[in-house]
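User: Can you walk me through this model? I'd like to know how the parts sit against each other.

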Amino acid sequence: MNFDELLEQVLALVQRQGRVSYRAIKRRFDVDDDYLADLREEILFTHPHIREEDGRGLVWTAAPAPTGELLPPPPLPDVVSPQSEASSVVPHLSDAERRQLTVLFCDLVGSTALSAQLDPEELREVVRAYQDTCAKVIARFEGHIAQYLGDGLLVYFGYPLEHRSSIHAA
């Protein structure tokens, strides 16, 4: 799992639970102190609706999202699109545009039964291998993993960058 994927998971966890201790983040995501410090710095700098409490953890201060509804992602900086790297910059968020968006949810079939058969550490490795494999396929088709939900993934195609070519199942 790369830094951005881990960052998205930690943000989703803080949003869902309202507060998360640094110790829980270290244990849940198996990160060391330096990696945690990088995550902490990135979250506190780029997400003003999250604050640190007593040096012990992160607290979500924005209004909670209604059940099942995802809050919109934080504003995106101007970035260069891989498709048009030499020619143009992605429009500002205030520039409205209509585009096709495909939303996909996938999960590991039979994971509940599998969790009864495997040791928690073994199950974690199976789920991580599944997530890594999914991430590679999703990246191949220019998708964006919006959120990890247990053994499931919520994926967008056509966001944040428009996907101009059609996707054909391999």
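User: Which strands does helix H3 lie across?
Analyst: Helix H3, residues 33–46, lies across S2 and S3 (contact: heavy atoms within 4.5 Å). H3 runs at about 130 degrees to S2 (angles run from 0 to 180 degrees between N-to-C directions). Helices (H or I, at least four residues) and strands (E, at least two) are DSSP runs. This is a predicted model, where local features need pLDDT of at least 70, side-chain atom pairs count only at pLDDT 80 or more, and totals for chains, interfaces and linings use all residues. Residues are numbered from 1 along each chain, and side-chain values use heavy atoms, without hydrogens and water.

User: What's the strand order in the sheet?
Analyst: S1-S3-S2, in an open sheet of three strands with antiparallel pairing (strands pair at two or more DSSP bridges). S1 (19–21) and S2 (50–53) are the edge strands, each pairing on one side only. From one strand to the next, the twist averages 25 degrees.

User: How many bridges join S2 to S3?
Analyst: Four, and the two strands run antiparallel; S3 covers residues 57–60. Glu52 has Leu58 in S3 as its bridge partner.

User: Which strands does H2 touch?
Analyst: H2 packs on the sheet and touches S1, S2 and S3. The direction of H2 makes about 75 degrees with that of S1.

User: Switching to the helices: how far apart are the axes of H1 and H2?
Analyst: The axes are 12 Å apart. H1 (residues 3–17) and H2 (residues 22–29) pack at an angle of about 130 degrees.

User: Which residues meet there?
Analyst: From H1, Leu6, Gln9, Val10, Leu13 and Gln17; from H2, Ile25, Arg28 and Phe29.
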